[in-house]
Amino acid sequence: MKKGIFVLLMGLAVALAMGAAAYGRSEAFKENIYDPGTLKPRDSVLNLKVGEAAPDFMLPAVSGGKVSLSQFREKKNVVLSFVPAAWTPVCSDQWPGYNIVKDLFDQHDAVLLGITVDNIPTLFSWTRQMGNLWFPVLSDFWPHGAVSKSYGVLRSDGVSERALFVIDKKGILRYIDVHDINERPRLEALVKALEELDRKP
Amino acid sequence: MKRLVFFALGSWLCFVNVHSKAMAEGPPKTGESLPSITLPIPEVAAERQYLGLSETKTFKISEIKSRVVIIEIFSMYCPYCQREAPVVNSLYRKIAANPLWKDHIKVIGIGAGNSPFEVDIFKKKYDIPFPLFPDMDFIVHKAFGDVRTPYFIAVQLEENGVVRVIFSELGGLGEVDAFLNLILKRAGINQGVEK
């Protein structure tokens with residue numbers, strides 16, 4: 001009987017999770033957002049831990065040129081925001097929020113780098129709908145998803161997880177959130193992680 | 001086998017419950033009554049006073065002391081809502097500055113999927129003078145038919161307690177005076193401007 005109750009509770013939990021897939025959608029993107037439906041929350045194996053060195057990379061930016069992680073060494077803390085794909089519901093309503101809180105990043109001497117596996121033309125069209133972004137948007141398109149893979153956040157279908165990495169000025173990972181792909185991470189969790197940077201590791 | 005049946009039954013019961021109660025067919029339509037929603041009482045006394053609410057924990061739209069309430073469904077993550085914020089502020093200020101209107105039309109915002117922290121960020125960033133409420137778990141958003149943002153609903157509070165929708169549209173307000181005149185006309189409020 002106990003097993004039966006356990007199974008019943010599991011069933012309830014699954015159904016609640018199905019019903020919980022909700023997100024806001026900005027009219028800024030009109031009818032152009034593709035809805036992939038509810039996806040497996042996580043589909044990769046993280047191979048990094050807090051306290052380890054963050055893998056360096058160099059990726060092309062939508063605004064031109066290339067950006068590397070190591071260029072910020074000893075100068076800035078870095079937040080990496082991986083989002084799965086351009087023109088999808090939750091991703092389209094994540095970076096525009098970061099776009100109005102530059103001061104929160106500045107307070108903690110941090111820069112934000114947005115990364116997806118989309119190519120530059122796609123990212124260009126998509127991010128233009130968000131207004132002028134103050135942070136670089138980088139394309140991990142080719143070799144496909146190589147940086148996402150090096151961080152252990154490349155999913156089996158070739159898109160990345162929805163993940164946040166906070167890296168200090170020494171290049172050390174201080175916070176990792178590989179989030180449920182169907183949900184937007186709360187801003188306060190990231191702000192708390194930035195506040196933690198001010199403390200010694 | 002029994003376990004499977006149990007599992008399926010549990011899932012189905014819960015799914016039906018979540019969807020039949022919370023999911024609306026679509027946005028509230030003009031002429032219909034607004035789905036009943038519950039919001040937390042504002043912490044700021046001036047905002048409670050603006051809405052004519054006492055210090056309880058929660059309230060319903062019908063308890064606001066006003067003839068008309070304009071509700072904006074927004075998100076701090078929505079670029080359109082960010083661009084629209086000064087327009088909505090201007091609407092609020094026009095109403096607040098007119099003695100014929102200020103006691104009869106109130107403006108509130110509901111942050112779809114936004115936490116109190118996120119709503120507060122939006123409020124400070126755009127210096128929003130009217131009350132904003134978090135809708136962290138999309139409960140209001142679902143009750144209003146999963147609308148895209150920004151979405152504006154104006155309701156008339158009738159004496160019999162019915163909250164009647166008099167405006168319900170997706171997108172920006174457009175020209176503030178034209179929008180305001182439409183609401184005044186539909187609510188039967190004096191459109192004259194007193195100095």
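Visitor: Let's start at the hairpin of S6(B) and S7(B). Which residue takes a positive phi there?
Guide: Gly161(B) does, with a phi near 90°. Five residues lie between the two strands of this hairpin. Please keep in mind that the model is predicted.

Visitor: What makes S6(B) and S7(B) a pair?
Guide: Pairing asks for at least two bridges between two strands. S6(B) and S7(B), which covers residues 163-170 of chain B, are joined by seven bridges in the antiparallel sense, so they count as paired. One place to look is Gln156(B), which stands opposite Arg164(B) in S7(B).

Visitor: And how do you know that S3(B) and S6(B) pair?
Guide: The reasoning is the same: the threshold is at least two bridges, and S3(B) (residues 68-74) has six with S6(B), again antiparallel. In this pairing Ile73(B) faces Tyr151(B) of S6(B).

Visitor: Why is S6(B) called mostly covered?
Guide: A residue is buried if 20 or more other C-beta atoms lie within 10 Å of its own. In S6(B), residues 151-157, seven of the seven residues are buried. In a regular strand, side chains alternate between the two faces of the sheet. Here both faces are covered: Tyr151(B), Ile153(B), Val155(B) and Leu157(B) are buried on one side, and Phe152(B), Ala154(B) and Gln156(B) on the other.

Visitor: Which residues touch the most other members of the largest nonpolar core?
Guide: They are Leu80(A), Phe165(A), Val69(B), Ile70(B) and Val155(B), in a core of 95 residues. Helix H3(B), residues 79-96, gives the largest share, seven residues. Nonpolar side chains tend to be buried together in soluble globular proteins.

Visitor: What does Val69(B) touch?
Guide: Leaving aside residues up to four places away in sequence, Val69(B) touches Ile61(B), Ile64(B), Lys106(B), Ile108(B), Val155(B) and Leu157(B). These count as contacts because the C-beta atoms of each pair lie within 7 Å.

Visitor: Which residues of H4(B) are buried?
Guide: Glu118(B), Val119(B), Ile121(B) and Phe122(B) are. They span an arc of only 155° around the axis, which means that they sit on the same side of H4(B). These buried residues pack against H7 of chain A, along with strands S4 (105-112) and S5 (132-135) of chain B. After H4(B) comes Asp127(B), whose phi is positive, near 50°.

Visitor: Over in chain A, how do you know on which side of H7(A) the buried residues lie?
Guide: In H7(A), residues 187-197, the buried ones are Leu187(A), Leu190(A) and Ala193(A). Their arc around the axis is only 125°, so they are on the same side of H7(A). Lys192(A) and Glu195(A) are exposed on the other side. The cover over the buried residues includes helix H3 (95-98), strand S6 (162-167) and strand S7 (173-179) of chain A, together with helix H4 (116-125) of chain B.

Visitor: What makes S5 and S7 of chain A edge strands?
Guide: Each of them pairs on one side only. The open sheet runs S5-S4-S3-S6-S7 in chain A, with mixed pairing. Neighbouring strands are turned by 20° against each other on average, direction ignored. H7(A) packs on this sheet, touching S3 (77-82), S4, S6 and S7 of chain A, and its direction makes about 170° with that of S7(A). On an angle scale running from 0 to 180 degrees between N-to-C directions, H7(A) and S7(A) are therefore close to opposite in direction.

Visitor: How many bridges join S4(A) to S5(A)?
Guide: Three, and the strands run parallel. Set against the minimum of two, that is enough for a pair. Gly114(A) stands opposite Val137(A) in S5(A).

Visitor: Which residues of H5(A) are buried?
Guide: In H5(A), residues 120-128, they are Leu123(A), Trp126(A) and Thr127(A). An arc of only 90° around the axis puts them on the same side of H5(A). The face turned away from that buried side carries exposed Pro121(A) and Arg128(A). Strands S4 (110-116) and S5 (137-139) of chain A are among what covers the buried residues.

Visitor: Where in chain A does pLDDT stay under 50?
Guide: Over residues 1-21. Where pLDDT is low, the predicted coordinates should not be read in detail. For chain A the mean pLDDT is 88, and 87% of its residues reach 70 or more.

Terms used
Residues numbered from 1 in each chain as written. Chains lettered and ligands numbered in written order. Predicted model: local features only at pLDDT ≥ 70, side-chain atom pairs only at ≥ 80, totals over all residues. Buried ≥ 20, exposed ≤ 12 C-beta atoms within 10 Å, placed from the backbone. Helix = DSSP H or I, 4+ residues; strand = E, 2+ residues; numbered from the N terminus. Arc of directions from axis to C-beta. Contact = placed C-beta atoms within 7 Å. Core = buried A, V, L, I, M, F, W, Y, C linked by C-beta atoms within 7 Å. pLDDT = per-residue confidence, 0-100.
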